[in-house]
Amino acid sequence: MATRVPWHSIPRDDVLNRLNTRTEGLTDKEAKERLEKFGKNEIILEKKISPLSILLDQFKDFLIFILIGAAIVSLALGYIEQSEEYFFDAGLIITIVVLNGLFGFFQNYKAEKSLEALKKLSVPNAMVRRNGIPTELSSTELVPGDIIILNEGNMIPADARIIFSKNLLMDESILTGESVPSSKKDISLNKDLSLGDRKNMLYADTYVSRGNGEAVIVNTALQTEVGLIAQEIHKAEDPPTLFQVELNKLGKTIGTGLIGVIIFIALVQFLVSTMDPITIFLTAIALAVAAIPEGLPAVVTLALAMGTMRMARKNALVRRLSVVEGLSSVDVICTDKTGTLTENALTVRKLLYDSQVVDVTGRGHTLEGKFLTDGKPAPKSFYEKLLWCGLVCNNVVIGKENGKEKYMGDPTEVALFISAKKGEISSEGYARIDEITFSSERKRMTVIAHKGNDYVACMKGAPETILEHCTHLLEKGKVIHLTDSKKKKILAYNKEMAKDALRVLGFSYKDLNNPKVSEKIVESGHIFLGLQGMVDPPRKEVPDAIAACLTAGVRIIMITGDNIDTAKAIAREIGVHGKALEGKQIENMSDSELRLQVEKVNVFARVAPLDKNRILKALQANGHNVAMTGDGVNDAPALRNAHVGIAMGIRGTDIAKQASDMVLLDDNFASIVEAIKEGRTIFSNIRNFVTYLLMSNFSEVFVVFFASLVGFIPIRATQLLWINLLTDGAPALVLGADPSRPHVMKQGPRPRNEGIINKWVLKAVVSIGILDTILILGLFFYSLPFGEDYARTMVFTGFVLSEATRLIVIRMKDKLTIFSNKWLVIAIIASLILQLLVLYTPLSTYFGTVPLDLEAWKVLLVFLGVSIASVLGIYHLFLRDKEHPDV
């Protein structure tokens with residue numbers, strides 16, 4: 001049973017023999033033995049939320065390792081030197097590491113808890129024939145060889161081969177992505193068929209849309225199609241997101257860069273200065289501890305968290321903070337069609353009645369819509385009788401769900417019911433007498449109804465079939481003979497509607513003198529009324545969302561289980577252009593051939609679940625950063641393996657949600673555009689504050705280095721920690737909350753190999769860092785005659801004031817002013833207030849500062865003025881973006 005048997009290609013009796021069962025079902029003893037052999041029919045998801053693992057994940061970034069190492073070194077130096085200053089340093093670093101970890105933990109844990117309920121798969125009951133008697137059992141107790149009894153509304157508990165069916169229609173959209181119910185019956189089929197074309201098979205978690213039947217279970221639990229998908233998900237470990245990789249790379253770059261600089265400083269001091277080796281070593285270590293941008297991990301976490309909260313307000317639940325930024329580099333979105341791009345609700349779009357073509361507006365299950373001919377409102381007489389027939393010949397029941405009306409029944413009949421209600425058509429007064437049910441062989445359904453002593457038969461079905469049973473036609477309010485030429489015209493228009501991927505039904509009626517006649521008489525001599533063409537339409541917001549994606553350089557690829565004509569028609573309507581391929585063609589391709597095709601094809605139809613994963617991997621192998629959207633079980637493996645997996649919250653299955661990185665709570669594809677915009681904004685903000693912090697750290701390191709060559713320490717390690725964590729940290733944090741820039745969705749995604757630190761960042765860090773180094777060293781040596789503590793205080797305050805010059809560079813790059821963000825102004829003022837507290841309160845004893853008089857502040861203001869003027873010159877000479885010059 002572990003091997004995949006092509007059950008659909010094996011005759012029914014042979015299936016029963018191979019499973020050692022019979023139409024009467026298994027005995028209790030046989031079922032018990034098989035249950036012991038095959039296990040329960042359930043898919044156990046072993047991965048559960050572990051608060052400890054979520055917490056530990058917060059401490060795996062390389063920058064965090066550096067900070068933990070720095071704290072250990074500070075503690076060691078505190079014991080060696082018996083200095084409270086080093087213990088204070090270690091305490092500050094450990095505090096920021098712990099707070100950063102806790103903040104990230106609470107954000108991620110909250111998201112996981114909100115999805116915990118979605119991970120619990122329901123356990124329905126099933127009607128099974130045991131010992132020859134129909135018995136209701138938990139679906140977990142079913143085994144291969146059990147005979148299940150099917151009725152309308154039942155969920156299929158396991159994969160099964162049909163042994164008997166009557167008018168059986170299945171809703172398999174959860175697995176295949178096909179929006180129209182699939183007709184099922186006991187026939188033998190060829191081996192080489194995709195999942196959606198296996199008309200004699202039923203699959204776990206799909207639903208009986210209409211009819212009844214019986215089937216023999218062939219696969220249970222992990223051997224079902226859903227089980228195979230669950231295994232794919234379970235095997236796949238959560239890979240680090242693109243941003244986690246990038247942040248680790250940044251940490252390593254900063255860490256190795258600092259280590260190299262510190263070794264160089266120590267070596268030069270050893271060769272040039274008069275300090276003893278131990279003092280040189282301690283100075284280098286202290287410098288290393290102080291030069292690390294301690295605030296960076298916290299600012300990154302907070303920036304991502306704020307982005308996550310903004311996303312939540314737009315109905316997007318993010319499960320991992322780092323995923324938000326990952327959207328910034330996505331250049332391909334692979335999306336399911338049914339329920340994601342479309343409404344997952346058939347809607348009547350065109351009518352043919354009385355030789356008039358009528359367009360019907362509206363979508364889904366809403367009753368809003370208009371009937372138009374040539375763009376103008378159509379008279380009710382153009383469509384009244386046609387819609388009335390669709391309403392009488394209908395089995396829709398109006399129920400309640402969450403206090404609202406819900407139309408329950410076959411999706412096709414729901415579409416006809418709603419089209420009649422849109423037209424304000426009523427069948428009031430008509431009572432049903434009998435129904436001749438639809439079947440795939442008959443291709444039609446007839447209802448006999450009466451109103452008082454008036455009896456009528458209303459029929460609907462395939463247009464060709466309905467025309468065969470018609471002798472007359474209703475035209476201009478009169479019944480006329482249906483000629484061959486008129487039949488050809490009707491069939492020609494039927495073909496035109498089918499080309500637009502419309503599912504077309506024909507309608508007719510016949511007045512009866514006596515309802516108690518044979519079916520043949522009831523269904524012959526009908527008067528043809530017209531056609532109704534329906535489709536699962538695109539969601540209203542989708543075309544604009546796709547246009548915005550294309551403008552932003554993000555390619556859209558539709559992947560569906562639906563047929564290729566329907567897929568191409570929907571693609572055209574929403575603005576997805578390009579070549580189309582079917583699943584059969586993909587199955588016969590090698591991986592290298594598929595890699596070539598995915599660069600040309602934007603529509604994949606009749607795709608099996610595992611082929612979705614192949615398409616995704618081919619795109620990733622070609623260097624694309626791929627987001628995958630979906631809601632069905634068939635989407636789950638690709639959702640897990642995509643760079644960003646996006647599940648639908650309302651229509652989405654539990655398995656799809658478990659596999660995703662982000663859940664759209666309103667199922668709105670347009671939210672993805674906002675998510676990409678948010679991701680790009682966050683990345684830009686992170687790049688800005690990384691640039692801001694590194695400019696500061698560059699000058700800090702080299703000011704200490706050059707001053708130490710002549711035997712001076714121009715700033716204490718504690719003072720540097722204060723700058724890195726608080727006075728620089730506040731503006732950096734606000735930069736992380738900057739709103740989106742106008743141009744963010746008018747440019748392509750950043751290149752895959754471009755990290756946070758690009759050429760512009762390097763130029764900015766080096767040029768502004770050199771400027772700050774020169775000016776602050778000048779400030780130090782100018783102030784030195786007034787005492788070392790005074791000179792250090794001037795340098796300490798000079799570093800705080802120079803944050804304004806660094807901010808000017810970053811704001812000019814983004815074509816913004818410092819005053820464009822009120823919180824940035826508040827942060828700058830807060831930094832100055834904190835600095836004044838250190839200078840003029842008892843805190844000065846911890847930081848080794850002295851109060852500055854008015855003359856000192858005059859010098860600092862001159863320093864600031866020179867710094868701002870120099871920065872403006874450097875920006876226009878070296879840093880100005882020639883492609884996007886400032887206004």
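Reader: Happy to start with the hairpin: which residue in the turn between strand 1 and strand 2 has a positive phi?

Author: Good place to begin, and keep in mind that this is a predicted model. Strand 1 covers residues 125-130 and strand 2 covers residues 133-138, and the two run antiparallel with six bridges between them. They form a hairpin with two residues in between. The turn residue with a positive phi, of about 60 degrees, is N131.

Reader: Which residue of strand 2 stands opposite R130?

Author: R130 belongs to strand 1, which spans residues 125-130. Strand 2 spans residues 133-138 and pairs with strand 1 in an antiparallel way. The residue opposite R130 is I133.

Reader: And what is the bridge partner of R129 in strand 3?

Author: Strand 1 is also joined to strand 3, residues 147-150, by two bridges, and these strands run antiparallel. In strand 3, the partner of R129 is I147.

Reader: Let's move to strand 17: is it largely enclosed or not, and how many of its residues are buried?

Author: Strand 17 takes in residues 444-451 and has eight residues. It is largely enclosed by the rest of the structure, because the number of buried residues among those eight is six.

Reader: Which residues stand opposite I448 in strand 16 and strand 18?

Author: Strand 16, residues 431-436, is joined to strand 17 by five bridges in an antiparallel arrangement. Strand 18, residues 454-461, also pairs with strand 17 in the antiparallel sense, over eight bridges. Opposite I448 stand D434 and, in strand 18, A457.

Reader: What is the phi of G452 in the turn?

Author: Strand 17 and strand 18 form a hairpin with two residues between them. G452 sits in that turn, and its phi is positive, at about 65 degrees.

Reader: I would like to look at backbone angles elsewhere. Where does N167 lie, and is N167 buried or exposed?

Author: Most residues other than glycine have a negative phi. N167 departs from that sign, with a positive phi near 50 degrees. N167 lies in strand 4, residues 159-171. Because its relative accessible area is 18%, under the 20% cut-off, N167 counts as buried.

Reader: What is the relative accessible area of R606, and where is its place in the chain?

Author: R606 is not a glycine either, yet it has a positive phi of about 50 degrees. Its place is in the loop between strand 25 (601-605) and helix 21 (609-621). R606 is buried, and its relative accessible area is 14%.

Reader: Now the packing: which helix gives the most to the largest nonpolar core?

Author: The largest nonpolar core has 139 residues, and those with the most contacts inside it are I333, M662, F669, I686 and F689. The helix that gives the most to this core covers residues 670-709 and supplies 18 residues; it is helix 24.

Reader: Which residues does F669 touch, beyond its neighbours in sequence?

Author: F669 is among the residues with the most contacts inside the largest core. Leaving out residues up to four places away in sequence, F669 touches I333, T335, T340, L341, R539, E541, V542, A545, I546 and I556.

Reader: Why does S699 count as buried, and which residues is S699 in contact with?

Author: S699 lies in helix 24. S699 counts as buried because its relative accessibility is 0%. Aside from neighbours within four places in sequence, its contacts are G769, D772, T773 and F799.

Reader: For contrast, what about V272: is it buried or exposed?

Author: V272 lies in helix 8, residues 242-272. With a relative accessibility of 54%, over the 50% cut-off, V272 counts as exposed.

Reader: How far apart in space are V272 and R811?

Author: In sequence, V272 and R811 are 539 residues apart. In space, from C-alpha to C-alpha, they are separated by 41 Å.

Reader: Last one, on the whole chain: what percentage of the contacts with a separation of 6 or more comes from residues 24 or more positions apart?

Author: The protein chain has 32 helices and 28 strands. Of its 887 residues, 56% count as buried. Among contacts with a separation of 6 or more, the part from residues 24 or more positions apart is 72%.

Notes:
Residues numbered from 1 in each chain as written. Predicted model: local features only at pLDDT ≥ 70, side-chain atom pairs only at ≥ 80, totals over all residues. Heavy atoms only, no water. Helix = DSSP H or I, 4+ residues; strand = E, 2+ residues; numbered from the N terminus. Buried < 20%, exposed > 50% of the residue type's maximum accessible area, 1.4 Å probe, protein only. Contact = heavy atoms within 4.5 Å. Pairing = 2+ DSSP bridges. Core = buried A, V, L, I, M, F, W, Y, C linked by side-chain atoms within 4.5 Å.
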